[in-house]
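Trainee: Could you take me through one part of this model up close? I'd like to see how a single strand sits among its neighbours.

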Amino acid sequence: LGLSWDIDMKTVVRGIERVEHIPGRMERIDCGQPFGVFVDNASTPESLTEVLRTLREVTEGMIYTVLSAPEDNDRSKRPLMGRAAELNSDLVILTIGRQADAAAGVKDLLQGIENNAKCLMRTFRRSDAITWALSNAAPEDTVLVVGSDLPPGADPEEVVSDRQFVRHWLYENQPCLESFWY
């Protein structure tokens with residue numbers, strides 16, 4: 001794109017090199033915790049499957065997937081999202097998310113899950129589901145938080161994003177390493 005706009009190659013390369021991550025796309029949240037945490041906006045069964053397969057390649061422990069129904073109007077893909085999460089995660093934590101039809105979203109996701117032992121759902125609010133996953137992750141596990149970071153039309157100043165919530169929780173709840181102070 002840069003070259004088509006007549007931007008010289010060196011400038012294009014420097015710009016690409018400065019990109020550390022694309023927000024919401026396999027975005028790693030690292031606050032010194034002994035387990036992996038990623039936020040991804042996967043909104044199709046195919047994209048969720050690819051994200052989870054990639055994480056499986058680098059995860060020695062369990063994969064916890066926090067999942068709410070996609071916030072679009074295509075309800076037909078929700079059971080497929082539930083199935084993709086079940087097949088590629090060790091534990092799926094369903095959350096009501098932020099969409100208007102939250103209860104229907106959970107019901108739709110559950111239709112795709114065949115092994116209920118791999119699914120945890122207690123009418124979790126999104127923040128509670130994320131907290132549960134982070135609290136239960138052990139070293140070498142991975143927590144994947146799936147979904148849109150902010151509800152459509154939300155004012156970012158008024159709503160805490162998933163990445164902000166995760167960072168805050170990790171900084172507030174991770175024990176300090178004793179060896180750090182010696």
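Mentor: Let's start with strand E1 (residues 27-28), which pairs with E2 in the antiparallel sense over two bridges. One pairing to look for is glutamate 27, whose bridge partner in E2 is valine 39. Keep in mind that this is a predicted model.

Now follow E2 to another neighbour: E2 also pairs with strand E6 (residues 142-146), this time in the parallel sense and over five bridges. Here you can find glycine 36 standing opposite threonine 142 in E6.

Next, check which way the residues of E2 point. In a regular strand, side chains alternate between the two faces of the sheet. In E2, Gly36, Phe38 and Asp40 point one way, while Val37 and Val39 point the other way. So are those residues buried or exposed? Every one of them is buried, whichever way it points. Buried here means under 20% relative accessible area. Since five of the five residues of E2 (residues 36-40) are buried, the strand is largely enclosed by the rest of the structure.

While you have the model open, have a look at a pair of helices too. The axes of helix H2 (residues 45-58) and helix H3 (residues 78-88) come within 9 Å and cross at roughly 10°. Angles under 35 degrees count as roughly parallel, so H2 and H3 are roughly parallel to each other. On the H2 side, the contact includes Pro45, Leu48 and Leu52, and on the H3 side it includes Leu80, Met81 and Ala84. By class, this contact has seven nonpolar, two polar and two charged residues.

Key: Residues numbered from 1 in each chain as written. Predicted model: local features only at pLDDT ≥ 70, side-chain atom pairs only at ≥ 80, totals over all residues. Heavy atoms only, no water. Buried < 20%, exposed > 50% of the residue type's maximum accessible area, 1.4 Å probe, protein only. Helix = DSSP H or I, 4+ residues; strand = E, 2+ residues; numbered from the N terminus. Pairing = 2+ DSSP bridges. Axes fitted to C-alpha atoms, helices over the stretch in contact; angles between N-to-C directions. Parallel < 35°, antiparallel > 145°, perpendicular 65-115°, else oblique. Contact = heavy atoms within 4.5 Å. Nonpolar A, V, L, I, M, F, W, Y, C, P; charged D, E, K, R; others polar.
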